[in-house]
Amino acid sequence: MLRRVRRASVFAAVAALAVLAPALDTAAAVPFFAVAGGAFFGVRDGEWFETLALPGDREAERLYGLVSFALAGAGLALFASLPRAPLPYEAFAAATLAVGAGRLGRTLVSRRTTDEFPLVAGYVVVGTAAALVGQIAVRLQTGAPVDAETVPLLVFLAAAAALTAALIRSLVFSRDAHITTALVAFVTWGFIALEPTVEAPLIAAGLAVTGALGYVSFAIGTASVAGMLTGVVSALLAVVLGGVGWFLTLMSFYAVGGLASKYRFDEKADRGVAQENEGARGTGNVLANSAIALAAVVGYAAAPHLAVPAAPFGFVFAGATATAMADTLSSEIGGLYDGPRLVTTLRRVDPGTDGAVTWQGELAGFSGAVLVGALAAGGSPILDPVVPGGVAAGGAVAAAGVAGMTVDSLLGALIEGDRVGNQTVNFLATLGGAVAAVALWTAV
């Protein structure tokens, strides 16, 4: 365990070299190249090799893990310091420290517990803190402001970097810190380019609420760790890039949909219609239902920079979310009742058949779509609504949700199977609901 802490500390120290980038200017990559060269050529055996070696390094007798991480830092340093590749120093520092220090935080927590949630929390908390300090350090060197107006933005960037790093790590790159660092740097760069306005109360409340809801979703089994991280990242982006109304609309789906998955779960399991993995939704499931909505949030934030109207993105977001809610409720509630009929022929089929519907499920789905429509359109005057236009706008969103739910059933009956999975069908259905919402509002 002590070796693991030392190893993680070295990775964090290498990541901290990013804060020297403004002072070193075009030589910002030199310290990272020096670390990579020293690790590759100078440490082949002995205590330090045993301490720093990752799984696979011992067989190769090279510290490829540390070397790759240092080279990733060198590459990002070149992007940040060369005039023709203007990666912001803040993105460079946030990414490297979120990954390097996050790894140290996870290792420190692992000395006390092996439960996954505390390990992920340690990664995110320490990674966020280090990324924030790193951004402040580079801003002090460049003369950029560090005040009450800019710190909330830096907190958002730090949290987004750490959460994204934890998500990528949980999915595919648990040992490939260099790949994670590069991906997080460019994601953070994208957030900086959007120039979001972040207020201190909003980011404080957003982090507290999304963190608490993430823990609850994991604790009660409605989401896996990766699914929980995906939901937290999605909710944070919704509240910061969209607003409170966007956040509440999206969270209605996560909360109601998650609870619906657990509702009478044993009975649904006996019938063969229960959500897999004990009802805990993973990243694929969450993204299949939320990808269109998240793209709409980013589009809404980018609209002023692209000189395009922002309102259609609100209808895309609301229509996709209404579809996800309607489809989830129709499946989870409808699966409890006998006598389902195939949507294309109306003949009776066995429960759980792709494309099968019940009137109880359709009613539940309709209710879910109406709920999302009301939340998306009814925020004023307390909150800015996601879709302006009052009752008519809410009705368009609800109708789009029902249309998207129907598209899901039709695709389930016609194409879902070995080659086209449920997640692809869900994605296409939310896309259909988004298009329907824009079309209906345009027609109105």
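User: Which residue forms a salt bridge with R106?

Analyst: Glad to help: this is a predicted model, where local features need pLDDT of at least 70 and side-chain atom pairs count only at pLDDT 80 or more, while totals for chains, interfaces and linings use all residues. Residues are numbered from 1 along each chain as its sequence is written, and side-chain values use heavy atoms, with hydrogens and water left out. A salt bridge here is a side-chain nitrogen of Lys or Arg within 4 Å of a carboxyl oxygen of Asp or Glu. With the closest N and O atoms 3.3 Å apart, the partner of R106 is E116.

User: How many residues apart in sequence are the parts that R106 and E116 tie together?

Analyst: Helices are DSSP runs (H or I, at least four residues), numbered from the N terminus. R106 lies in helix α7 and E116 in helix α8, so the parts tied together are apart in sequence by 10 residues.

User: Is E116 buried or partly exposed?

Analyst: Buried means under 20% relative accessible area and exposed means over 50%, with partly exposed in between (1.4 Å probe, protein chains only). R106, at 16%, is buried. E116 has a relative accessible area of 30%, so E116 is partly exposed.

User: What is the distance between the closest N and O atoms in the salt bridge of E90 with R139?

Analyst: A search of the whole structure finds 2 salt bridges. E90 sits in helix α7 (residues 89–110) and R139 in helix α8 (residues 116–142), 49 residues apart. E90 is buried at 14% relative accessible area, and R139 is buried at 13%. The closest N and O atoms of E90 and R139 are apart by 3.2 Å.

User: Where is the kink in α15 centred?

Analyst: Helix α15 (residues 283–306) has 24 residues, yet its end C-alpha atoms are only 30 Å apart, short of the 34 Å of a straight helix (1.5 Å times one less than the number of residues). The bend at a residue is the angle between axes fitted to the seven residues ending there and the seven starting there. In α15 there is a kink of about 55°, centred on S290.

User: Is the pair of F156 and F191 stacked or tilted?

Analyst: Rings of Phe, Tyr and Trp (its six-membered ring) pair if their centres lie within 6.5 Å; planes under 30 degrees apart count as stacked, over 60 as edge-to-face and the rest as tilted. The structure holds 12 aromatic pairs. F156 and F191 have ring centres 5.6 Å apart and planes at 50°, so their pair is tilted.

User: What is the angle between the planes of F315 and W441?

Analyst: F315 in helix α16 (residues 311–334) and W441 in helix α19 are 126 residues apart. F315 is buried, with 2% relative accessible area, whereas W441 is partly exposed at 29%. Their aromatic pair is stacked, 5.2 Å centre to centre, and the angle between the planes is 15°.

User: Which helix gives the most to the nonpolar patch?

Analyst: A patch joins residues with over 30% relative accessible area and no salt bridge: like charges within 9 Å, nonpolar side chains (Val, Leu, Ile, Met, Phe, Trp, Tyr) within 5 Å. This one covers about 570 Å² (Shrake-Rupley method, 1.4 Å probe; for residues, only the protein chains shown count as cover), and its residues include L410, F427 and L428. α18 (390–414) and α19 (422–443) each supply at least two residues. With 4 residues, the helix that gives the most is α19.
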